[in-house]
Amino acid sequence: MTEMVFGAAPVRAGDPILPRWWRTLDKWALACVLGLFAIGLLLGLAASVPLAEKNNLPRFYYVQRQAVFGALGLLVMLIVSMLPPRQIRRIGVLGFAISFLLILALPFVGTDFGKGATRWLSLGFVSIQPSEFLKPGFVALCAWFMASAQEVGGPPGKLYSFIAAMVIVVLLALQPDFGQASLVLFSWLVMYFVAGSPVILMVAVAGMAGLGGLFAYNASEHFARRINSFLSSEIDANTQIYFATNAIQEGRFFGVGVGEGQVKWSLPDAHTDFIIAVAAEEYGFVMVLTIILLYMTIVLRSLLRLVRERDPFARIAGTGLACAFGVQALINMGVAVRLLPAKGMTLPFVSYGGSSVIASGIAVGMLLALTRTRPRGEFAEILRRGR
């Protein structure tokens with residue numbers, strides 16, 4: 001009866017952590033994450049070989065690195081998913097502080113790897129993109145602020161979260177990284193809505209974002225060029241968007257066959273930002289639909305479990321993490337089919353990239369932790385004792 005009313009599996013006192021974790025975990029969401037990672041490795045076997053040959057490296061050099069990064073990301077995800085909400089809040093705030101300091105250091109020690117945006121810290125053997133790690137920490141910080149504002153005599157947490165969001169959006173836009181800036185702003189708006197804020201304020205913030213985009217269009221040649229290319233009725237035959245859209249059209253329903261795709265030889269970012277084009281060309285619409293369904297399952301199941309959550313922090317942070325995860329995937333695929341301007345955003349767990357897969361592991365680990373079933377208070381405890 002307790003599970004029917006409160007949606008939570010009973011937790012026995014002294015229960016070992018691993019059985020308790022497994023019983024309370026959203027196993028379908030975990031299975032979908034593992035499925036996405038497996039698909040990423042499969043696509044990497046095709047997409048990364050041309051880049052390895054171009055750089056005079058072993059054919060499967062990037063696939064092997066992705067497997068190592070992925071194993072680390074999945075390990076981090078599992079460890080984080082075992083933590084209670086209070087610990088999630090603490091590591092999230094700490095991760096935000098560290099990532100924020102690294103972003104401040106980018107103008108002085110960062111690199112752009114020839115892509116026109118200073119987003120990475122190069123350590124020689126590996127590079128780090130701080131903005132990837134900033135996102136889950138930002139969600140935890142703002143959720144903490146917003147949840148504190150709901151307490152009697154609590155601080156003006158919503159104002160604090162708004163200030164934090166504006167600071168981060170400006171810093172990311174200056175790199176320039178308008179894609180990540182938009183994602184941060186979107187996740188804040190979602191959490192702001194869940195926290196019970198007036199819709200008029202959200203509309204005002206959305207209007208400010210529109211004005212900011214107009215300013216960026218006039219002030220940034222990089223941003224204006226991407227917008228003009230998106231709005232143009234014709235696609236430049238030398239752009240990645242041109243090759244990606246052609247590859248998707250060639251794939252049709254079942255694809256041209258494993259290893260038979262040609263787009264990976266033309267796209268320099270076939271293994272990262274445009275991995276979905278490789279999937280569509282070689283495996284067709286069936287593979288793309290499978291990937292979409294896996295992302296949808298993770299997001300929808302998480303949101304449905306969070307509806308029953310009474311802890312304000314867990315509900316707000318979980319919603320922000322789930323929506324940011326789903327929208328990042330939507331943006332990546334939307335760019336490939338020219339529904340959105342090019343933004344240079346990876347497909348979580350599928351695209352190649354150490355920072356991306358490890359940061360995604362942290363974010364989804366936090367989400368799995370916040371959506372675990374837990375006892376729902378004293379009344380639930382009384383019902384369990386009375387059975």
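Trainee: Why is Asp-26 called buried?

Mentor: This is a predicted model, and in it Asp-26 has a relative accessibility of 1%. Buried means under 20%, so Asp-26 counts as buried.

Trainee: What makes Asp-26 and Arg-301 a salt bridge?

Mentor: Their side chains meet at 2.9 Å, N to O. The cut-off is within 4 Å, so the pair makes it. Asp-26 sits in the loop between helix H2 (17-24) and helix H3 (27-47), while Arg-301 is in helix H13, so the pair ties together parts that are 275 residues apart in sequence.

Trainee: Is Arg-301 buried or partly exposed, and how do you know?

Mentor: Arg-301 has 29% relative accessibility. Partly exposed runs between the 20% and 50% limits, so that's the label for Arg-301.

Trainee: And why is Arg-305 called buried?

Mentor: Arg-305 comes in at 14% relative accessibility, and the limit is under 20%, so Arg-305 is buried. Arg-305 also forms a salt bridge with Asp-26, with the closest N and O atoms 4.0 Å apart. Asp-26, Arg-301 and Arg-305 are linked in a network of salt bridges.

Trainee: What makes Glu-282 and Lys-264 a salt bridge?

Mentor: Same kind of check: the N to O value is 2.9 Å, and the rule asks for within 4 Å, so they qualify. Glu-282 is buried at 2%, and Lys-264 is buried at 8%.

Trainee: Why is Val-286 called partly exposed?

Mentor: Its relative accessible area is 35%, which falls between 20% and 50%, so partly exposed fits Val-286. Val-286 is in helix H13 (residues 275-307).

Technical notes:
Residues numbered from 1 in each chain as written. Predicted model: local features only at pLDDT ≥ 70, side-chain atom pairs only at ≥ 80, totals over all residues. Heavy atoms only, no water. Helix = DSSP H or I, 4+ residues; strand = E, 2+ residues; numbered from the N terminus. Buried < 20%, exposed > 50% of the residue type's maximum accessible area, 1.4 Å probe, protein only.
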